[in-house]
Amino acid sequence: MHQPFYASSQINRHGDFRSDKELIEKIISDKKTKFVPVLKGKNLFKQSNNNIEACFFNTEQLKIFNPNGIENPIFLGVANNTNYVGIDIDEHNSKIDLWCSENSVIIDDLRKYGPTLNDIDASFLSLNNGMTFWHKNHQFCGSCGSKNFTTEAGFVKVCSNIKCGKSHFPRTDPAIITLISSEDKVLLGRSPRFPEGMYSTLAGFVEPGESLEQALEREVFEEVGVKVKNIRYFNSQPWPFPASLMLGFFAEAINEDMNIDYDEIEDAHWFSIEELRSLKHPSISGGFKLPRVDSIARRLVDNWINKFN
Ligand SMILES: [Zn+2]
């Protein structure tokens with residue numbers, strides 16, 4: 001089974017470093033530290049030979065954009081004896097656009113290049129995306145509306161109103177994703193938001209007070225009118241685009257007849273193993289595409305196909 005993307009086992013987040021302000025200061029001024037930039041929610045990449053690589057900054061380069069020091073650096077962790085610190089580059093900083101064009105730096109969505117990056121870089125970039133998104137959306141206290149300040153090397157925000165003082169922690173939203181089978185066929189559907197021709201497993205967010213199994217049963221029935229049994233956990237996939245954790249399951253259909261909710265799903269079909277292999281289906285003209293390789297949807301489908309090899 002393939003390991004999840006964006007979750008390298010070679011990374012140590014070193015949560016124990018976060019409250020040591022002196023150590024974090026030292027890391028931030030260390031010339032060897034790699035700074036992971038995010039700009040307008042996107043990542044920076046550069047061409048290296050024939051490959052696309054993640055673009056990191058060192059302390060000297062950072063001074064170009066932030067001569068007064070960086071605001072709210074996020075200590076992301078350590079890999080191969082190198083410290084990684086996340087930064088959100090101010091999108092109104094005029095120097096960055098010029099610097100990017102002079103250095104042929106590509107600004108784009110991590111999902112475009114993620115599968116080709118090395119595991120450690122892709123994981124730090126995705127972690128930083130999730131963290132900087134959370135920072136942007138938690139500048140003010142959700143309880144009293146006062147400004148939050150950042151502590152624990154970027155992993156906690158605390159309300160500045162002494163009477164409130166509420167701590168806020170990074171959020172991740174659980175979502176179930178499931179491959180539904182009926183004997184040797186599986187159910188795939190497409191949302192209008194999907195890339196053209198792509199069919200994928202069904203997914204949805206878990207609601208408060210709901211178990212994962214209940215969320216799965218509810219989502220599948222709402223979207224395609226199919227009841228399921230024998231729910232089995234597969235694997236998970238962090239998906240900080242911007243803040244999800246995908247929990248993958250297999251489930252078996254009780255009924256094959258579908259009642260599609262066209263407000264949510266544009267189209268759905270049962271696919272045989274031959275149809276999955278050939279990417280052709282009698283009801284889809286011009287063939288179809290499977291989900292992107294870095295997604296858990298694809299791992300669920302590949303796992304299913306491999307059972308028949
Ligand atoms: Zn507050």
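Analyst: Quick definition before we start: domain bounds here are taken from an automatic or database domain assignment. Also keep in mind that this is a predicted model.

User: Okay, which residues does the assignment give to domain 1 and domain 2?

Analyst: The chain gets two entries, with the bounds set by that assignment. Domain 1 comes before domain 2 in numbering, and their ranges are 15–137 and 173–306.

User: How much area is buried between domain 1 and domain 2?

Analyst: The C-alpha centres of the two domains lie 34 Å apart, and the contact takes 8 residues from domain 1 and 8 residues from domain 2. Carbon and sulfur atoms give 71% of the area buried between domain 1 and domain 2. The total for that contact is about 680 Å².

User: Which residues in domain 1 lose the most area to domain 2?

Analyst: Three residues stand out on that side of the contact. Together they account for 68% of what domain 1 buries there, and they are R111, P115 and F133.

User: Now the metal. What arrangement do the donors around the zinc ion have?

Analyst: The zinc ion is held by the SG atoms of C141, C144, C159 and C164, at 2.3 to 2.4 Å. Four donors pass as tetrahedral if all angles lie between 85 and 135 degrees. The angles here run from 95 to 116°, which makes the arrangement tetrahedral.

User: What spacing do the donors of the zinc ion follow along the chain?

Analyst: The pair C141 and C164 links distant parts of the chain, 23 residues apart. C141 is in the loop between helix 5 (119–137) and strand 7 (148–151), while C164 is in the loop between strand 8 (156–159) and strand 9 (167–168). Written out, the donor spacing is C-x2-C-x14-C-x4-C.

User: Is C164 buried or partly exposed?

Analyst: Buried needs a relative accessible area under 20%, and exposed needs over 50%. C141, at 4%, counts as buried. C164 has a relative accessible area of 28%, so this cysteine is partly exposed.

User: In what order do the 3 strands of the open sheet come?

Analyst: The pairing in this sheet is antiparallel, and strand 8 pairs with strand 9 over 2 bridges, with V158 having S167 as its bridge partner in strand 9. Strand 7 and strand 9 each have a single partner strand, so they stand at the edges. That gives the order 7-8-9.

User: What does P170 touch, leaving aside its neighbours within four places in sequence?

Analyst: P170 lies in the loop between strand 9 and strand 10 and is partly exposed, with a relative accessible area of 31%. From K21, P170 is 149 residues away in sequence and 19 Å away in space, C-alpha to C-alpha. With sequence neighbours set aside, the contacts of P170 are M131, W134 and F155.

User: How many of the 10 residues of strand 10 are buried?

Analyst: Strand 10 (residues 173–182) is largely enclosed by the rest of the structure. That verdict follows because the number of buried residues in strand 10 is 8.

User: Which strand pairs with strand 10 in the parallel sense?

Analyst: Strand 12 (residues 202–205) runs antiparallel to strand 10, joined by 4 bridges, with F205 as the bridge partner of A175. Strand 11 (residues 185–190) is antiparallel to strand 10 too, over 3 bridges, with I180 opposite L187. The parallel pairing has 9 bridges and puts I176 opposite L247; the partner is strand 14.

User: Which residue in the hairpin of strand 10 and strand 11 takes a positive phi?

Analyst: Most residues other than glycine have a negative phi. The hairpin has 2 residues between the strands, and one takes a phi near 55° although it is not a glycine. At 76% relative accessibility this residue counts as exposed, and its name is E183.

User: Is Y6 buried or exposed?

Analyst: Y6 also has a positive phi, about 60°, without being a glycine. Y6 is found in the segment before helix 1 (21–29). Its relative accessible area is 4%, so Y6 is buried.

User: Last one: which residues does a cis peptide bond join?

Analyst: Most peptide bonds are trans. In this cis bond omega is about 10°, and the proline is found in the loop between strand 13 (228–239) and strand 14. The joined residues are F241 and P242.

Note on methods
Residues numbered from 1 in each chain as written. Predicted model: local features only at pLDDT ≥ 70, side-chain atom pairs only at ≥ 80, totals over all residues. Heavy atoms only, no water. Donors = N, O, S within 2.8 Å, 3.2 Å for Na, K, Ca; no water. Tetrahedral: all angles 85-135°; square planar, octahedral: opposite > 155°, others 65-115°. Buried < 20%, exposed > 50% of the residue type's maximum accessible area, 1.4 Å probe, protein only. Pairing = 2+ DSSP bridges. Contact = heavy atoms within 4.5 Å. Buried area = accessible area lost by both parts, 1.4 Å probe.
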